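Trainee: I'd like to learn how to read strand pairing, cores and surface patches. Could we walk through an example together?

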Amino acid sequence: GYPFPMSINLTYRLDAKGFSLTTVAYNRHVSGAAIPFFMGWHPYLAVSDVSKAFVIFDNCTGWNLIEVKKQNLIPTGNTVPFNGFNGTTPIGGTKAVPTLWDNGFKATAAYKCPNISTRVLDPAGDTSVVWSDRRYPWVQVFTGIVKGLGEQGIAVEPMSGETDAYNNHQGNHLLQAGESWKGTFGVHLE
């Protein structure tokens with residue numbers, strides 16, 4: 001379905017430090033047209049109770065909340081500073097109906113961070129850490145995974161561009177003929 005001459009090389013790594021995935025995208029045009037590209041990953045992290053779990057953003061950077069249209073969750077182009085997800089307040093709600101988050105956030109100073117990490121702390125279990133290099137300064141957080149109370153999870157999704165980047169151009173990279181893009185993200189337990 002992607003109508004451009006692009007090569008994608010994915011390198012998966014699983015070792016004592018956890019899982020990582022390095023992506024190299026390459027525009028195969030030898031001259032001429034640039035092609036659009038952005039990348040995201042959508043891991044779901046199991047927790048015992050979403051409502052009691054904590055999402056904790058990396059404090060090496062500030063964060064902005066991406067404002068969206070209520071009817072379709074498409075970004076409006078506006079952002080506001082966000083001071084939540086700092087480890088002081090759990091997701092909230094109840095086990096059957098946790099507080100719903102389906103929001104995008106942007107690291108405002110990703111260039112200061114060697115990597116950008118988001119922790120999901122399960123008070124009854126492990127702390128999962130989703131990390132990425134600076135090429136992924138956007139993070140989507142989704143807390144709506146509750147299926148018959150048996151499946152509780154939180155999605156923490158590192159992205160190289162904002163939701164709808166092909167239309168709003170927030171993080172949509174234009175790879176010139178012969179140009180490549182490289183980024184790495186991963187997950188581990190603390």
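Trainee: Which residue in S2 does Thr-11 stand opposite?

Mentor: First, the ground rules. This is a predicted model, where local features need pLDDT of at least 70 and side-chain atom pairs count only at pLDDT 80 or more, while totals for chains, interfaces and linings use all residues. Numbering starts from 1 along each chain as its sequence is written, and side-chain values use heavy atoms, leaving out hydrogens and water. Strands are DSSP runs of E, at least two residues, numbered from the N terminus, and two of them pair if DSSP finds at least two bridges between them. Here, Thr-11 faces Thr-22; S1 and S2 (residues 18–27) pair antiparallel over ten bridges, as a hairpin with two residues in between.

Trainee: How many bridges join S6 to S7?

Mentor: Five, again antiparallel. Asn-64 has Pro-81 in S7 as its bridge partner. Six residues lie between these strands, and in this hairpin Leu-73 takes a positive phi near 60°.

Trainee: Which residues have the most contacts inside the largest nonpolar core?

Mentor: A nonpolar core is a set of buried (under 20% relative accessible area, 1.4 Å probe, protein chains only) Ala, Val, Leu, Ile, Met, Phe, Trp, Tyr and Cys residues joined through side-chain atoms within 4.5 Å. The largest one here has 33 residues, and its most connected members are Val-55, Phe-57, Phe-85, Phe-105, Val-141 and Ile-154. Beyond four places in sequence, Phe-105 touches residues including Phe-57, Trp-63, Asn-64 and Trp-138, a contact being heavy atoms within 4.5 Å.

Notes: Helix = DSSP H or I, 4+ residues; strand = E, 2+ residues; numbered from the N terminus. Buried < 20%, exposed > 50% of the residue type's maximum accessible area, 1.4 Å probe, protein only.
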